[in-house]
Amino acid sequence: MDKPDNNTIQMLIQAAREARKNSYAPYSHYMVGAALLIADGQVVTGCNIENAAYTPTNCAERTAFFKAVSEGQREFRAIAVAGSPEGDELTQYAYPCGVCRQVMAEFCDPESFEIIVAGPAGAYRVMTLRELLPESFGPGNLS
Ligand code: THU
């Protein structure tokens, strides 16, 4: 599967930043948006959704994955993540948490799935899932 080109990366970061505006984060005040690129070119977005009981909180990345999977999607190319304390600007890089990395490992090829982490002033970093979650436990262990 082709790696996302620069235009696609910029489009995904923009979509993640838009989704971040819907973040429901009244407890941490940390807003995250994600934009998941499907193999057919569609984009599915997500935001973090917190809860007064804390543990039901869902990260932006998992919101995007669960939306997509629940709509029948199974092949994913990349995800952009935009997270920072509340405010319009991104002031830091928000790398996916361990639980979200594990969800990615369920559905994505570790060598080719790319995680794009948006940072301050338009900067971004790109990593493969293999780099973020080496030596993982996955579907292959149970087959
Ligand atoms: N969060 C995400 O949505 N994605 C991440 O990769 C890291 C953390 C959310 C969860 C919680 O609502 C807030 O950020 C602070 O942890």
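For sorting residues by class, Ala, Val, Leu, Ile, Met, Phe, Trp, Tyr, Cys and Pro count as nonpolar, Asp, Glu, Lys and Arg as charged, and the others, Gly among them, as polar. The model is predicted, with local features needing pLDDT of at least 70 and side-chain atom pairs pLDDT 80 or more, while totals for chains, interfaces and linings use all residues. Residues are numbered from 1 along each chain as its sequence is written, and side-chain values use heavy atoms, with hydrogens and water left out.

**Exercise 1.** Find which residues surround the ligand, and sort them by class.

*Solution.* Start by listing the residues with a heavy atom within 4 Å of the ligand. That gives S28, Y30, V32, N48, E50, T57, C59, A60, E61, Y95, P96 and C97. Next, sort them: seven are nonpolar, three polar and two charged. Last, look at the DSSP runs (helices are H or I, at least four residues; strands are E, at least two; numbered from the N terminus). Both β1 (30-38) and α2 (60-70) put at least two residues into this shell.

**Exercise 2.** Work out which side chains pair up with oxygen atoms of the ligand.

*Solution.* Look for polar contacts, meaning N or O atoms within 3.5 Å of each other. For E50, the side-chain N or O atom sits 2.5 Å from a ligand oxygen. With E61 the distance is 2.6 Å, and with a polar side-chain atom of N48 it is 2.9 Å.

**Exercise 3.** Describe the lining of the largest pocket.

*Solution.* First, place the ligand: its space is the largest pocket. Then take the 14 lining residues; Y30, V32, N48, C59 and E61 lie nearest the centre. By class, the lining has nine nonpolar, three polar and two charged residues. Again β1 and α2 each supply at least two of them.

How values were computed
Polar contact = N/O pair within 3.5 Å; in protein donor to acceptor, adjacent residues only side chain to side chain. 1 Å grid on protein atoms, 1.4 Å probe; cavity = no way out; pocket = protein on both sides within 12 Å on 5 of 7 lines; lining within 4 Å. Sits in = over half its atoms within 2 Å of the grid points.
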